[in-house]
Amino acid sequence: CENDLIGRAENEQQTLKYGTERFPGGIVNGQVWYPVAGGMQDWNYWQTSAFEATVEIGCIKFPDEKYLKQYWEANSESTLRYIELSNMGINGVVFDHQGKPISDAAVTIIGREAKIVRTSELGDFFRPLVPGKYRMEISKSGHLDFHDQIEIPESGSLQMNFTLQSFEDEEMEYTTESPDS
């Protein structure tokens, strides 16, 4: 599940204890700890596909300076892993047949329609996904819908650019580029 992505990035080797709180595996789902409905994190994810994270590593909001090194040592590995995972998913640009970016095209993962990503003014998009196979659809008014199966590799990142065929076009193409190439 995409919601567990961050949890998997956390340090699972230890149970951290700060104050009276215990975090099995070093993590807690924030909604379980205290729910916040309609916050900026929700808005940013649903409206812009951006993750906004609140990292709370204990009950003490302003720990004494002498504990900061201990906090860093206990959390540095998971913090760096979280940063590595920030690009996990698929990204690319959607073009028309003339090579111009298409803005506001819908990028949909079939079976996960609750989160439809739209391309920016520059035609680019990012859809967070964990490694696995997915059915993908790209659609824009005036163009033929694109359907294909994609696979997010274990490395976690897939870059694909797409050219949508307008109703007047005869061909539709897409290219795949690995971020490592």
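**Exercise 1. Aromatic rings**

Task: In this predicted model, determine which residues are linked into a cluster by ring pairs, and classify the pair formed by Phe125 and Phe162.

Solution.
Step 1. The cluster consists of Phe125, Phe146 and Phe162, linked by ring pairs. A search of the whole structure finds 2 aromatic pairs.
Step 2. For Phe125 and Phe162, the ring centres are 6.2 Å apart. The cut-off for a pair is within 6.5 Å.
Step 3. The planes of these two rings stand at 40 degrees. Planes under 30 degrees apart would count as stacked and over 60 as edge-to-face, so the pair of Phe125 and Phe162 is tilted.
Step 4. Now place the two residues in the chain. Phe125 belongs to strand β6 and Phe162 to strand β9; they are 37 residues apart, and the pair links distant parts of the chain.
Step 5. Are Phe125 and Phe162 buried or exposed? Both are buried.

**Exercise 2. The neighbours of strand β3**

Task: Find which strands are joined to β3 by bridges, and state the direction of each pairing.

Solution.
Step 1. Strand β3 covers residues 89-95, and 5 bridges join it to strand β6, residues 124-128. These two strands run antiparallel.
Step 2. Another 5 bridges join β3 to strand β9, residues 157-163. Here the strands run parallel.
Step 3. Use Ile90 as a check. Opposite Ile90 in β6 stands Arg127, and its bridge partner in β9 is Leu158.

**Exercise 3. An open sheet**

Task: Give the strand order of the open sheet of 4 strands, and explain why β5 and β8 each have one side without a neighbour in the sheet.

Solution.
Step 1. The order is β5-β4-β7-β8, and the pairing is antiparallel.
Step 2. The edges are held by β5 (117-118) and β8 (146-152). Each has a single partner strand, so one side of each is left without a neighbour in the sheet.
Step 3. Next take β4 and β7. Strand β4 (residues 106-109) and strand β7 (residues 132-139) run antiparallel and are joined by 4 bridges. As an example, Val107 has Ile138 in β7 as its bridge partner.

**Exercise 4. A surface patch**

Task: Name the residues of the nonpolar patch formed with Trp72 on the surface, and decide how Trp72 is classed by accessible area.

Solution.
Step 1. The patch is formed by Trp72, Leu80 and Ile83, which together have about 330 Å² of accessible area.
Step 2. Trp72 is located in helix α4, residues 68-84.
Step 3. The relative accessible area of Trp72 is 48%. Buried means under 20% and exposed over 50%, so Trp72 is partly exposed.

Terms used:
Residues numbered from 1 in each chain as written. Predicted model: local features only at pLDDT ≥ 70, side-chain atom pairs only at ≥ 80, totals over all residues. Heavy atoms only, no water. Pairing = 2+ DSSP bridges. Phe/Tyr/Trp six-rings, centres within 6.5 Å; stacked < 30°, edge-to-face > 60°. Buried < 20%, exposed > 50% of the residue type's maximum accessible area, 1.4 Å probe, protein only. Patch = residues over 30% accessible without salt bridge, like charges linked within 9 Å, V, L, I, M, F, W, Y side chains within 5 Å. Areas by Shrake-Rupley, 256 points an atom, 1.4 Å probe, with all protein chains shown as cover. Salt bridge = Lys/Arg side-chain N within 4 Å of Asp/Glu carboxyl O.
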